[in-house]
Amino acid sequence: MLASPQQQPVVSRASTGAPVDASAGGPPALRFSHVSKTYRAGQVKALDDVSFDIRPGEFFGLLGPNGAGKTSLISILAGLSRASGGQVSVLGHDVVDDYANARKKLGIVPQELVFDPFFSVRETLRIQSGYFGVRNNDDWIDELLLNLGLADKAHANMRQLSGGMKRRVLVAQALVHRPPVIVLDEPTAGVDVELRQTLWQFIARLNREGHTVLLTTHYLEEAEALCHRIAMLKQGRVVALDRTSELLAGTASTMLQFKTDAALPLSLVENARVTGRVVQLTAHDALEVERILATLREAAVPIEDLEIGRANLEDVFIEIMQGSRA
Ligand SMILES: Nc1ncnc2c1ncn2[C@@H]1O[C@H](COP(=O)(O)OP(=O)(O)O)[C@@H](O)[C@H]1O
Ligand SMILES: [Mg+2]
């Protein structure tokens, strides 16, 4: 069991296997209520009336293109920046009025690599434990090092580590005080496949044991595999929020992919995703698939390597970001 008695996650999902219902009582793990954020004297509106709750025990994904406001929202949650309006709370603790208690409940892995180059990995984790008033934490630190593939780096100096290894230390640092709510801001941006797998195995285990997880990522296949619910941000506004399965069910269900050197007929260009010679088109049903193929044939567009498959979260994301569903 990872959680210490005094910091037990509020609800364990392990017994039910399903995300905890908000009606179960108790405060939400995270509450964002009408949050707005402007920069440069109001010229940049990074967040615009963002409201949603994350339930204890949920694995929640926050998706959105660069500049959508994900890091701004997490900075406000972490107490690193002030909201221009609205409230944020962690397990009922307001991040401004009750900052110390809110911060104790949170483990935050920041997007930017920040660390002190003069300490070893173990020293870094001991210092971080000290910040949270946790003493004699070496057993837990050892478990973190082991689970994050850092066991042989305990005595290495931070400045000797590769970017991927530093990222692992950041994750360990966020978890030293066994926070019930874990927040990861693009933890796998630019990291190797091995770290991604190690990290997700460990985070998924913590989630099974009852920890709430908020994840932002660019890798939509990760979000699709891991998250119970997903919110999508676009220009500071929530444009979609649903169970992952509902988001997938609500989209065009079929994906057509083929290769061509020819220009597409105008009626298809608008909804096509083109990467070099590869063209992807979504369809809602078999009739639409037939219509697309007929349109290509009538326009005498030669196609190769046709594949027809199920649409995934990336297709949903693009559909929503293009505004066809929002
Ligand atoms: N410190 C800052 N000063 C001015 N503008 C900022 C600052 N931080 C973020 N922004 C702007 O706010 C918007 C949201 O950025 P950010 O929250 O980093 O988005 P994301 O993490 O989704 O990529 C962007 O337009 C970004 O340029
Ligand atoms: Mg960001």
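A residue counts as buried if 20 or more other C-beta atoms lie within 10 Å of its own C-beta atom. The model in these exercises is predicted.

**Exercise 1.** State what share of the residues in the chain is buried, and describe the chain as a whole.

Solution. Start with burial: of the 326 residues in the chain, 38% are buried. Next, take the secondary structure, which consists of eleven helices and 14 strands. Then take the extent: along the principal axes, the C-alpha atoms fill a box of roughly 75 × 45 × 45 Å. Last, consider the contacts with a separation of 6 or more: 71% of them join residues 24 or more positions apart.

**Exercise 2.** Determine whether helix H11 is mostly covered or mostly uncovered, and name its buried residues.

Solution. Helix H11 spans residues 313–321. Of its nine residues, seven are buried, and the helix is mostly covered. The buried ones are Leu313, Asp315, Val316, Phe317, Glu319, Ile320 and Met321. Continue past the end of the helix: Gly323, just after H11, has a positive phi of about 90°.

**Exercise 3.** List the residues around ligand 1, sort them by character, and find which element gives the most to the shell.

Solution. First, list the surroundings of ligand 1: Tyr39, Arg40, Val44, Ala46, Gly64, Asn66, Gly67, Ala68, Gly69, Lys70, Thr71 and Ser72. Second, sort this shell: four residues are nonpolar, six polar and two charged. Third, assign elements: strand E2 (44–54) and helix H1 (70–77) each supply at least two residues of the shell. H1 gives the most, with three residues.

Technical notes: Residues numbered from 1 in each chain as written. Chains lettered and ligands numbered in written order. Predicted model: local features only at pLDDT ≥ 70, side-chain atom pairs only at ≥ 80, totals over all residues. Helix = DSSP H or I, 4+ residues; strand = E, 2+ residues; numbered from the N terminus. Buried ≥ 20, exposed ≤ 12 C-beta atoms within 10 Å, placed from the backbone. Contact = placed C-beta atoms within 7 Å. Near = placed C-beta within 6 Å. Nonpolar A, V, L, I, M, F, W, Y, C, P; charged D, E, K, R; others polar.
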